[in-house]
Amino acid sequence: MNLKFVDSALPELRQLEHLLELASPHLNSQVLANVSYQDHLLPIHAISLGSKDTSKPVMTFVGGVHGLERIGSQVLLAFLEGIIGRLAWDVSLHHLLEQVRLNFIPLLNPVGMATHRRSNGNSVDLMRNAPVDSHEQTAFLVGGQRISPVIPWYRGKAGEPMQVEAQALVDFMQKETFNSPFSLALDCHSGFGLHDRIWFPYARSRFQPIQHLGEVFHLRDLLFQAYPYHSYKFEPQAKHYLCHGDLWDYLYDQSLAQPTTFLPLTLEMGSWRWVRKNPAQLLKAVGLFHPIKPHRVKRVLRSHLVLMEFFIRACASYQNWLYDGKSLNMDQKATQLWYDN
């Protein structure tokens, strides 16, 4: 792989591989797949640390699903860098890692990121690529389309296998998280609205809640209790638009056949406020999805650290809240909040 190409087109990959070198004794890493681009093979890295006991819960962080939304990868890399820096001295972190396993897939779509495209190298939107169809009216084109790969939000041809990147994520999650009694996932995106949002499935239906709606509402309640002055909006993705082929819808449905509770979440960073403060950034390909200004990038990189730390601790302590009886009684509140309007 040409290092000059990586340094110029994929500095996030270079940063990730540098972190792997720094912390190699503490981390387990694997290449889930290599994706070809021109004369390069670009790896999809998965990094794990913490407990190897399969009876412990698992927290997985994913980024870079859409190549234009590179701030998601950068947020995860900043968080991982901080964890690695603390491993040498933070006793409380080591105690925490005895109770939970952490997975990071910071750059799922390296070709899309290298080429400044939402899709992968085959012009397929990975978050429209799963074999899941909405039976309700989806947003035109945005909800996923099979008309042409030239148009954004292309799902791929009907009946074809999932793209390499999508399949790599599915295989990893099934192997590394479904054998745990409890797991959370946080997929980091940007580009919707003026507010930071935490979304959960289903993306395919406005009317069908997930089976673990009470558990999700309870997790939301814990966040609001622990950090009452946060600015996140916590809601089902379908509140705003429906889509076909959502990978987290697909994985959630797959998890229901396993002896596990799996709660996939999406952090959707509201990028419109970055554009509002700096309209000139729309002249750049990534301008709608990235803060651009260095001081704003730094602000975003530090602004979600508390949220990610919260999810790790909630995951590690799931037995103290998931089975306390409250989640079962929160279905009605959740339904009233999200589905009765």
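## Salt bridges and a charged patch: worked exercises

E69 and R118 form a salt bridge, their closest N and O atoms being 3.5 Å apart. The pair links distant parts of the chain, 49 residues apart: E69 sits in the loop between β3 (58–63) and α3 (70–86), R118 in the loop between α5 (110–114) and α6 (164–176).

Some ground rules: this is a predicted model, where local features need pLDDT of at least 70, side-chain atom pairs count only at pLDDT 80 or more, and totals for chains, interfaces and linings use all residues. Residues are numbered from 1 along each chain as its sequence is written, and side-chain values use heavy atoms, with hydrogens and water left out.

**Exercise 1.** Work out whether E69 is buried or exposed.

*Solution.* Start with the cut-offs: buried means under 20% relative accessible area, exposed over 50%, partly exposed in between (1.4 Å probe, protein chains only). E69 has 4%, so call it buried. Now its partner: R118, at 18%, is buried too.

**Exercise 2.** Find the salt bridge that R86 forms with E309, and place both residues.

*Solution.* First, the rule: a side-chain nitrogen of Lys or Arg within 4 Å of a carboxyl oxygen of Asp or Glu. For R86 and E309 the closest N and O atoms are 3.7 Å apart. Next, the places: R86 is in helix α3 and E309 in helix α11 (residues 305–316), 223 residues apart. Finally, E309 has a relative accessible area of 16%, so it's buried.

**Exercise 3.** Say how exposed D133 and R155 are, given that they form a salt bridge.

*Solution.* Their closest N and O atoms are 2.9 Å apart. D133 is partly exposed at 41%, while R155, at 6%, counts as buried.

Note on methods:
Helices (H or I, at least four residues) and strands (E, at least two) are DSSP runs, numbered from the N terminus.
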